[in-house]
Amino acid sequence: MIKQILVCVLTICVQFANGEGTDNKRLLLNDPDVSAARLLQLEKSMQTFSSTVQGLTHEITTLKGTLQTVNTDLAAEKVKTASHEGTIQTLKAENAQLTKTVLTTASSVQNHGSTYVRWGRSGCPLNTERVYSGYAAGNVYSQGSPHGGPSNMLCLPSDPELSNRTAPGNTFIYGTEYEENSFASNSVNEDVPCAVCRNPKSFSSLMIAGRKTCYTGWQTEYMGYLASGCYSCKASSYICVDSQPEYIPSGERNDNGHLLYMVGTKCGSLPCPPYHDKLELYCVVCSK
């Protein structure tokens, strides 16, 4: 097989040496056909080169346009970045201010709460704080005509800071007594204690007459019975006396200063039902 390949190669070489398989024409430098052919080939090459150069020039122009667009976009992004940095700084300042406001509000909420008077008791309910305890007091129940003077009750503290000035004597405040045994067994003539209480977890408190439970969303502080002065006494305010009242020690003497009576309903202008004639009224103090 190898010998046959060698023979074929030798045969081809001999034929080429003898000019076989060619047109036996020598290429001469002064041959006009050859020169024309070469010029034609050179022109084609030049045209191809020129087309290539034009294509590259177009691409360069396109790339320049793209680069200019990129530079423009980059400049715009730099402007946006600067604007964003300004916005970020503004937001940081606002966030710092909001944080300060939240902390101030949290501190304010922590230091706030709702207060109320618990009439008839010297202590406060669980989960509340006692601001102070003292004595229920008000205007004398009756002192002849005319029946004037203040109508509201006060809870006077048990540790007063007294002035050194003598009052002119035109108005006085008196300790309050239970004037009926309806409040508790043997409560008549007993002196009434009170306490000012604060619920730190609430923002408002109110007394609801005619109920012993709070409405939905409200928390019960204490419940009791509605009390006031009598109809023939001087004007007085309605208060909610705790359902389990206490007495001030050694206060059972009948001094008849400011007096408390159990309040009952009277049908007529007051719709019955839902109310009923001559029934004692519940009351409840609620917070939220």
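These notebook entries record what I looked up about disulfides and one surface patch in this structure.

**Entry 1: the model and its disulfides**

I note at the outset that the model is predicted. I looked up the disulfides and found 5 in the structure. As a reminder to myself, a disulfide is a covalent bond between the sulfur atoms of two cysteines. I followed up several of the links, residue by residue.

**Entry 2: Cys155 and Cys194**

I began with the disulfide that joins Cys155 to Cys194, where the S to S distance is 2.0 Å. The angle about the S-S bond is 95°, and the link of Cys155 and Cys194 is right-handed. Which elements hold the two cysteines? I found Cys155 in strand E3, residues 154-157, and Cys194 in strand E5, residues 193-199. The pair therefore ties together parts that are 39 residues apart in sequence.

I then asked whether each partner is buried or exposed. Cys155 has 8% relative accessibility and counts as buried, because the cut-off for buried is under 20%. Cys194 is buried as well, with a relative accessible area of 0%.

**Entry 3: Cys214 and Cys286**

Next I examined the disulfide from Cys214 to Cys286, with 2.0 Å from S to S. The torsion about its S-S bond is about -100°, so I recorded this disulfide as left-handed. Where do its two ends lie? Cys214 sits in the loop between strand E6 (205-209) and strand E7 (219-228), whereas Cys286 belongs to strand E10 (residues 282-287). The link therefore ties together parts that are 72 residues apart in sequence.

For accessibility, I noted 14% for Cys214, which counts as buried. Cys286 stands at 0% relative accessibility and also counts as buried.

**Entry 4: Cys267 and Cys272**

I turned to Cys267 and Cys272, which form a disulfide with their sulfur atoms 1.9 Å apart. What is the handedness of the Cys267 and Cys272 disulfide? The torsion about the S-S bond is about -95°, so the disulfide is left-handed.

I checked the accessibility of both residues. Cys267, at 30% relative accessibility, counts as partly exposed. Cys272, at 32%, counts as partly exposed too. Both values fall in the range between buried, under 20%, and exposed, over 50%, so the label follows.

**Entry 5: a nonpolar surface patch**

Finally, I looked away from the cysteines. Which residues form a nonpolar patch on the surface? I found Leu39, Leu42 and Met46, which together have about 320 Å² of accessible area. Of this patch, I located Leu42 in helix H2, which covers residues 32-110.

Methods: Residues numbered from 1 in each chain as written. Predicted model: local features only at pLDDT ≥ 70, side-chain atom pairs only at ≥ 80, totals over all residues. Heavy atoms only, no water. Disulfide = S-S within 2.5 Å. Helix = DSSP H or I, 4+ residues; strand = E, 2+ residues; numbered from the N terminus. Buried < 20%, exposed > 50% of the residue type's maximum accessible area, 1.4 Å probe, protein only. Patch = residues over 30% accessible without salt bridge, like charges linked within 9 Å, V, L, I, M, F, W, Y side chains within 5 Å. Areas by Shrake-Rupley, 256 points an atom, 1.4 Å probe, with all protein chains shown as cover. Salt bridge = Lys/Arg side-chain N within 4 Å of Asp/Glu carboxyl O.
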